[in-house]
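Work through the exercises below with the model open. Try each task before reading its solution.

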Amino acid sequence: MFETRTKIVVFITGVLVVTIVIFTYISLYQWKSRIEKLNVDSIRILSSTIVRSLSYAMEKGDTSVVRETMEKIGEEPNISNLFIYDEKGEIIRSLDREKEGGMIDPFYLNLYFSEENTAYFPEKKLYTFITPIENKKECQSCHINSGINGILGIDFQPIWSISRLDTNYIILTNAVGILIIAYIAIWTIISTFVNKPVKQLTTMMEKVEQGDIAARVDIETKDEFGMLGKSFNSMMDRVKEMQDEIKEYNDRKMEKIERLASIGQIATGLAHEIRNPLAGISGAIDVISGEIRIGDPNKEIFSEIKVQIDRIRKTVTDLLMFARPSEPERKRIQINNIIRETLLLVQQHKDTEKIVFGKHLSPELPKLYLDPNQIQQILLNILLNAIQAMPKGGELLVKSFVDDDGDFCSVEISDTGQGISKERMNRVFEPFYTSKHKGTGLGLSIAKRIVEEHHGRISVSSELGKGTCFKISFPLQKSVVRMKRGEVRSTTG
Ligand SMILES: Nc1ncnc2c1ncn2[C@@H]1O[C@H](COP(=O)(O)OP(=O)(O)OP(=O)(O)O)[C@@H](O)[C@H]1O
Ligand SMILES: [Mg+2]
């Protein structure tokens, strides 16, 4: 794996190399065409000068001057050959005398007839330039009836050459220089401003990964890395706070679980010890009170003893249920029937005189796969809680319906009682939380556990002084699927 720094440097160097090469070629190409033009322009001037000199020599009618002039011009190092030929291709004059009277290379004749005047031979690295020599009045004494006196051809080596400019060398030196400087600059910048802080951050993150949440980075710069460092540090501060909070919460929870576990054990033991003698006492009271005549003041005392015994029995039963909950015994049931039965039971209660009962039970509820006794126990507790919350009377409404999403069957029990404050609302499902003198505070925590064992959910909404609404919901789909499968017992509800 390469470091980011190496990757960036290699990338930028690569881009620079490609760019420099491309620009070098473009500029070489431009230089080449400029130089070509320069060569052609120079030779055009040279050629017209030669033609003028030759015309001058010829005007004098002295052909030896023409040869002399040609030889003088031919001494120029760039000029390889100088010759005059006619329109039929016969060489009239040439620096190489032996060729005079012979035929010119057809290339030159074609060049003349193509009306071009310049050509380049790459293999010989030579330019050729031809100029027709006009037949002026003064020429006609020797050159009769001819359109032109001849065609002057000059072969010459390029005067200007790109190699003479040493462009390649200059560009190459510049490119290497720029690359080395760029490489050093980028390397230094990345090392100082990127690698150092990134290294610090990764080292600290590794420490955190190994469990050292006290690790903090020390990046003083005011750039993005500085901000990243600050965010990292404040994130770690928050993590530390949260860890402390979680630890505190866990400690509290453990303490509670331990306390509840020991309460559960004591409760189970105690419940068995209390229940049997209690049954004996209750039976004895029944016998004794049966023998007491009506009107005897002791009769009232005995019935009060009976009420207190029932209270003790309920508390013991709740404690047992809490400490050692029994397995639900599920059946296919119509929850509306259980609601009706429980309402009838509750309405026998002496504190219900000032309470108006109402019920809206959906006739379209499917049957559910639930433990009827446990469901009745939940309903009973919630209904009694509602009644106890309305000592001066009020309205108690029970509704059953299928939720809008069609997944749950719900029962809502609402009252117009004293309501529950927000702070207490979080605690009503906690075991042993009660606001009543005679309560155990186990009713709702048992209800919650039973509902959850049936894969349902229980929730409460309340407004202080206005009333409370408890909602319990059981999943419909699972019950339906189970009913269709014809399963008799299962752990899900
Ligand atoms: N409908 C309600 N209106 C107002 N407060 C309620 C209502 N239902 C429950 N509560 C509050 O929640 C507490 C816990 O209820 P829960 O049924 O668990 O225990 P409890 O009723 O106090 O005791 P127990 O059920 O053993 O008689 C109650 O003491 C009460 O303060
Ligand atoms: Mg209760």
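The exercises start with the ligands and then move to a helix, loops and distances along the chain.

The model is predicted: local features need pLDDT of at least 70, side-chain atom pairs count only at pLDDT 80 or more, and totals for chains, interfaces and linings use all residues. Residues are numbered from 1 along each chain as its sequence is written, chains are lettered from A and ligands numbered from 1 in the order in which they are written, and side-chain values use heavy atoms, with hydrogens and water left out.

**Exercise 1. The shell of ligand 1**

Task: Find how many residues surround ligand 1 and which are the closest.

Solution. Step one: apply the cut-off. A residue is near a molecule if one of its heavy atoms lies within 4 Å of it. Step two: count. The shell holds 22 residues, and Thr434, Ser435, Lys436, Thr440 and Leu444 are the closest. Step three: sort by type. There are 7 nonpolar, 10 polar and 5 charged residues. Here Ala, Val, Leu, Ile, Met, Phe, Trp, Tyr, Cys and Pro count as nonpolar, Asp, Glu, Lys and Arg as charged, and the others, Gly among them, as polar.

**Exercise 2. Contacts and cover**

Task: State which atoms of lysine 436, glycine 443 and threonine 468 approach ligand 1.

Solution. Step one: set the limit. A polar contact is a pair of N or O atoms within 3.5 Å; within protein, one must be able to donate a hydrogen and the other to accept it, and residues adjacent in sequence count only if both atoms are side-chain atoms. Step two: list the pairs. Lysine 436 places a polar side-chain atom 2.6 Å from an oxygen atom of ligand 1. Glycine 443 uses a backbone N or O atom, 3.4 Å from an oxygen atom of the ligand. Threonine 468 has a polar side-chain atom 3.5 Å from a nitrogen atom of ligand 1. Step three: check the cover. On its own, ligand 1 has 600 Å² of accessible area, and the protein covers 96% of that. Accessible areas come from the Shrake-Rupley method with a 1.4 Å probe; for residues, only the protein chains shown count as cover. Step four: name the elements. Two or more shell residues come from each of α7 (297–323), α9 (372–388), α11 (443–453) and β12 (467–475). The largest share, 3 residues, is from α9. Helices (H or I, at least four residues) and strands (E, at least two) are DSSP runs, numbered from the N terminus.

**Exercise 3. The magnesium ion and helix α9**

Task: Identify the residues that coordinate the magnesium ion, and decide whether asparagine 381 is buried or exposed.

Solution. Step one: find the donors. Asn381 (OD1) and Asn385 (OD1) coordinate the ion (ligand 2) at 2.2 to 2.4 Å. Donors are N, O and S atoms within 2.8 Å of the metal (3.2 Å for Na, K and Ca); water is not among the atoms, so sites may look incomplete. Step two: place them. Both asparagines, 381 and 385, lie in α9, 4 residues apart, about one turn of the helix. An α-helix has 3.6 residues a turn, so residues three or four places apart point the same way. Step three: read the accessibility. Buried means under 20% relative accessible area, exposed over 50%, partly exposed in between (1.4 Å probe, protein chains only). Asparagine 381 is buried because its value is 17%. Asparagine 385, at 18%, is also buried. Step four: look at the helix end. Aspartate 371 caps the N-terminal end of α9, with a side-chain oxygen 2.9 Å from the backbone nitrogen of asparagine 373.

**Exercise 4. Positive phi**

Task: Locate phenylalanine 432 and histidine 455, and give the phi of each.

Solution. Step one: recall the background. Most residues other than glycine have a negative phi. Step two: take phenylalanine 432. Its loop runs between α10 (422–425) and α11. Phi is positive, about 70 degrees, although phenylalanine 432 is not a glycine. The residue is partly exposed, at 31%. Step three: take histidine 455. This residue lies in the loop between α11 and β11 (457–463). Its phi is also positive, about 60 degrees. At 34%, histidine 455 is partly exposed.

**Exercise 5. Distances along the chain**

Task: Give the C-alpha separation of glutamate 224 and valine 287, and of glycine 406 and proline 475.

Solution. Step one: glutamate 224 belongs to helix α6 (residues 224–291). The C-alpha atoms of glutamate 224 and valine 287 are 88 Å apart, with their positions 63 residues apart along the chain. Step two: glycine 406 sits in the loop between β9 and β10. Its C-alpha lies 9.2 Å from that of proline 475, 69 residues apart along the chain.
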